[in-house]
Amino acid sequence: MVRSPLTPEERERGERLGLLLREARGTRSMVEIAAVAGLSPETLRKIETGRAPTPAFFTVAALAGALGLSMDEIVTACSPLPA
């Protein structure tokens, strides 16, 4: 299966998600948050840096739980910006 290229909007949404996660993580280490979420630190690193701009729902949900974020907060922060 060939994956379609991401749109600029999808890339931008991934960058906003990464920023939100970095801010929510604060001074806690990537290793600590990844372990709590049940992910590898490399997966978290890719999401935070925008190299994985479209993570799976359950990955985002696990990170939200580990960081004390609600899914509503994530949706609001990552929704398209008004034109």
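# Exercises on a five-helix chain

F58 is exposed, with a relative accessible area of 68%. The model is predicted. The exercises below work from F58 and its helix to the core and then to the whole chain.

## Exercise 1. The aromatic pair

Task: Find how many aromatic pairs the whole structure holds, and classify the geometry of the rings of F57 and F58.

Solution.
- Step 1. Searching the whole structure gives 1 aromatic pair.
- Step 2. Two values describe a pair of aromatic rings: the distance of the centres and the angle of the planes.
- Step 3. The ring centres of F57 and F58 lie 5.1 Å apart. The cut-off for pairing is 6.5 Å between centres.
- Step 4. The planes of F57 and F58 stand at 85 degrees. Planes over 60 degrees apart count as edge-to-face. The F57 and F58 pair is therefore edge-to-face.
- Step 5. Now check exposure. F57 has 53% relative accessibility, so F57 counts as exposed. The cut-off for exposed is over 50%. F58, at 68%, is exposed too.

## Exercise 2. The two sides of α4

Task: Sort residues of α4 into buried and exposed, and say why the buried ones line one face of the helix.

Solution.
- Step 1. Helix α4 covers residues 57-67.
- Step 2. List its buried residues: T59, V60, L63, A64, A66 and L67.
- Step 3. Look down the axis of α4. The buried residues fall within an arc of 165 degrees, so they line one face of the helix.
- Step 4. Turn to the face directed away from the buried side. Exposed F57, F58 and G65 sit there.
- Step 5. Ask what the buried residues of α4 pack against. The partners are α1 (8-25), α2 (30-37), α3 (41-49) and α5 (71-78).
- Step 6. Step past the end of the helix. Just after α4, G68 has a positive phi of about 75 degrees.

## Exercise 3. The largest nonpolar core

Task: Which residues of the largest nonpolar core touch the most other members, and which element supplies the largest share?

Solution.
- Step 1. The largest nonpolar core has 18 residues.
- Step 2. Those touching the most other members are L17, L21, I33, L44, L63, L69 and I74.
- Step 3. Two or more residues come from each of α1, α2, α3, α4 and α5.
- Step 4. The largest share is that of α4, with 5 residues.
- Step 5. Set this beside a general tendency. Nonpolar side chains tend to be buried together in soluble globular proteins.

## Exercise 4. L44 and its neighbours

Task: Place L44 in its helix, state whether L44 is buried or exposed, and list its contacts beyond four places in sequence.

Solution.
- Step 1. L44 belongs to helix α3.
- Step 2. The relative accessible area of L44 is 0%, so L44 is buried.
- Step 3. Leave out neighbours within four places in sequence. L44 then contacts R25, M30, I33, A34 and L63. L63 is also one of the buried residues of α4.
- Step 4. Compare sequence with space. L44 and G18 are 26 residues apart along the chain, with their C-alpha atoms 8.9 Å apart.

## Exercise 5. The whole chain

Task: Describe the makeup of the protein chain, and test its radius of gyration against that of a compact globule.

Solution.
- Step 1. Count the elements: 5 helices and 0 strands. Their order from the N terminus is α-α-α-α-α.
- Step 2. For 83 residues, a compact globule would have a radius of gyration near 12 Å. The protein chain has 13 Å, which agrees.
- Step 3. The C-alpha trace spans about 35 × 30 × 20 Å along its principal axes.
- Step 4. Of the 83 residues, 31% count as buried.
- Step 5. Take the contacts with a separation of 6 or more. Residues 24 or more positions apart make up 63% of them.
- Step 6. The exposed surface is about 5400 Å², and 60% of it comes from carbon and sulfur atoms.

Technical notes. Residues are numbered from 1 along each chain as its sequence is written. This is a predicted model: local features need pLDDT of at least 70, side-chain atom pairs count only at pLDDT 80 or more; totals for chains, interfaces and linings use all residues. Side-chain values use heavy atoms; hydrogens and water are left out. Buried means under 20% relative accessible area, exposed over 50%, partly exposed in between (1.4 Å probe, protein chains only). Helices (H or I, at least four residues) and strands (E, at least two) are DSSP runs, numbered from the N terminus. The arc is that of the directions from the helix axis to the C-beta atoms. Contact means heavy atoms within 4.5 Å. A nonpolar core is a set of buried Ala, Val, Leu, Ile, Met, Phe, Trp, Tyr and Cys residues joined through side-chain atoms within 4.5 Å. Rings of Phe, Tyr and Trp (its six-membered ring) pair if their centres lie within 6.5 Å; planes under 30 degrees apart count as stacked, over 60 as edge-to-face and the rest as tilted. The radius of gyration is taken over C-alpha atoms; the globule rule is 2.2 Å times the number of residues to the power 0.38. Accessible areas come from the Shrake-Rupley method with a 1.4 Å probe; for residues, only the protein chains shown count as cover.
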